[in-house]
Amino acid sequence: FGSSAHVQRGSILLPSRRPPASSSSAQKSWRSGRGGAMMFAFVSPLEIVNQTVVLIVVCVIVALMIRHWDKVMVAVTGDDRLHGTVLDLIYFLFFQCCGTCTGDWTRSWTRRCCCCCGDKIRGINLVTEVGRLLGITTCTVELKNIICGDLPWDQRADFYISVECAANPPMVTSLAEEKLPKVVHFPEVITLRLRWSPLEERVRITVKELNLFGSTDLCEVHIPAMSVIDWASSSQNERMKRFEMKPTDPSYPSETPPWILLEFGTPHDERDLDRFHGRINTVRTSTSDGHFVDRPMRDFKQEYTLLDNTGHVLQEPFEDDLQAIACRAWLVSTLQYGFMCWGAFLLVTLGFLRVWVGLCYRRYKHVTMALMNNQTFPMSDYELGSFVNWCHASVDGEGQPFGVPCKPSFQQVLSVCKSDEEGGRYPKNQPPVLAFEGMIKRTGFDTGLPCGATKCHLNKAFQDYDVYAPIVIAVYLLLICGIRICGNSMVRAKKYSLQHIRAKQTREYYEYASTRGGRRGGTSWLSAA
């Protein structure tokens with residue numbers, strides 16, 4: 001076709017005449033025109049319609065998932081809610097150090113200083129107590145004297161109350177059978193775990209009527225969590241409150257609004273469980289005279305034998321054996337978790353330091369390139385970046401040695417890393433080099449991390465070991481896996497050893513019992529069994 005070219009439009013090839021090569025402006029206009037024609041030629045109305053329909057369908061699906069989020073959660077997880085909040089995440093990250101420290105070690109301090117600080121802090125977890133004061137961890141509140149009345153129902157029925165707070169599962173009372181809706185009493189004392197924080201969700205109390213299939217929500221009330229905690233700690237005559245409840249069916253004819261009476265209070269437990277946690281091998285039971293008794297787990301299991309559902313005694317492993325296995329399992333888990341967390345922290349810290357010194361060295365190198373090419377300072381970031389791009393385009397791929405103006409050596413960059421006061425060549429009127437300056441400026445702060453000659457030396461040291469970074473990461477991962485595998489092997493070996501010892505002891509006992517029964521001239525209970 002000579003000088004003709006072809007533009008594909010749909011499935012048809014049309015020739016288009018190329019302009020003369022001498023006309024540069026015409027050549028540019030022809031290229032832009034050709035590109036525009038090709039762009040519009042490939043845009044299909046059917047494709048636009050398909051993409052629009054897909055976008056609409058995706059938006060509808062997302063809206064339905066948000067609207068029926070509880071049903072989506074039931075389908076995915078089997079539960080209708082996430083049992084965690086932002087406050088739980090904050091407590092886990094900053095107060096428990098990603099789960100590595102629960103703070104129970106502070107209980108030993110508070111148990112010793114109870115004589116000088118009083119019983120208020122005796123045996124408490126100081127980390128949890130600080131979180132409670134800041135509204136990060138929960139406080140315990142009791143609901144009692146629960147009475148509801150004027151319910152939107154017209155006959156006797158079976159009523160019960162559901163209480164929901166935070167991300168915890170719903171709690172329900174016992175069933176008030178065949179009660180009139182005018183007044184319904186409930187004997188339960190419901191314990192709530194709430195945070196004194198405006199971020200805490202409201203306490204939702206719902207009165208329900210039990211049907212043959214499912215139940216019907218009659219009315220509900222939402223009470224702020226901070227108000228509940230304040231009322232629980234107020235004086236005795238101000239703890240009982242009566243609240244209006246909103247009917248779930250506004251069309252139901254009602255002469256007076258439904259209500260519920262609640263008495264808020266602090267927990268009264270004879271076992272004092274808030275100060276008891278942290279003793280994993282101790283069982284605390286209450287006595288009839290209002291006191292409590294602490295027993296070691298071994299003595300507790302000996303006093304209260306294990307029974308099946310018909311009341312027959314069952315055999316269970318010795319508590320000493322279980323504690324020995326649990327101790328080794330805890331040691332393995334703690335060692336692995338410690339290596340994982342502290343190793344990850346060390347790698348992230350070293351990675352951040354490597355990026356920091358690398359950015360500093362890179363900026364100093366750019367200033368050195370401009371200084372060796374006799375550029376006029378001060379230079380803006382845009383001017384310096386444009387000049388560096390020109391330098392790379394000039395020398396990259398030519399194989400020139402270090403030391404040329406656009407390819408400075410380490411010693412040349414090091415001399416620029418130092419200011420005049422330090423005997424260096426850094427331009428006086430050029431702003432100081434800062435790392436992460438652009439990233440920090442986006443947050444509203446006109447600053448950055450400082451750089452200096454030390455960062456240049458560190459960059460040189462890091463460069464010598466950069467090649468070993470993948471090896472270090474691989475060894476770190478293998479070490480974690482090795483600790484887990486070896487630790488599990490140690491736990492299994494201890495478990496099998498104890499099982500072998502107990503099996504041997506059992507055989508010896510049966511042989512001894514059979515021998516004594518034979519000497520007496522009769523069958524023993526073992527042989528009869």
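This report describes a predicted model, beginning with the whole protein and then turning to one residue and one helix.

**Whole protein**

The protein contains 16 helices and 17 strands. Of its 529 residues, 28% count as buried. About 34800 Å² is exposed, and carbon and sulfur atoms supply 61% of that area. Among contacts between residues at least 6 apart in sequence, 56% join residues at least 24 apart.

**Residue E142**

E142 lies in strand β3, which covers residues 139-149. Which residue has the nearest side chain of opposite charge to E142? That residue is K144, 4.3 Å away. A salt bridge requires a side-chain nitrogen of Lys or Arg within 4 Å of a carboxyl oxygen of Asp or Glu. E142 is buried and has no salt bridge. The side chain of E142 does reach the backbone nitrogen of H268, at 3.4 Å.

| Partner of E142 | Distance |
|---|---|
| K144, nearest side chain of opposite charge | 4.3 Å |
| H268, backbone nitrogen | 3.4 Å |

Leaving aside neighbours within four places in sequence, E142 is in contact with V189, I190 and T191, and also with E263, F264, G265, T266, P267 and H268.

**Helix α4**

Helix α4 runs over residues 86-95, and its buried residues are L87, Y91 and F95. These residues cover an arc of only 40 degrees around the axis, so they sit on the same side of α4. An α-helix has 3.6 residues a turn, so residues three or four places apart point the same way. The buried residues of α4 pack against α7, residues 126-133. Just after α4, C97 takes a positive phi of about 55 degrees.

Conventions: Residues are numbered from 1 along each chain as its sequence is written. This is a predicted model: local features need pLDDT of at least 70, side-chain atom pairs count only at pLDDT 80 or more; totals for chains, interfaces and linings use all residues. Side-chain values use heavy atoms; hydrogens and water are left out. Helices (H or I, at least four residues) and strands (E, at least two) are DSSP runs, numbered from the N terminus. Buried means under 20% relative accessible area, exposed over 50%, partly exposed in between (1.4 Å probe, protein chains only). Lys and Arg count as positive and Asp and Glu as negative; His and the chain ends are not counted. A polar contact is a pair of N or O atoms within 3.5 Å; within protein, one must be able to donate a hydrogen and the other to accept it, and residues adjacent in sequence count only if both atoms are side-chain atoms. Contact means heavy atoms within 4.5 Å. The arc is that of the directions from the helix axis to the C-beta atoms. Accessible areas come from the Shrake-Rupley method with a 1.4 Å probe; for residues, only the protein chains shown count as cover.
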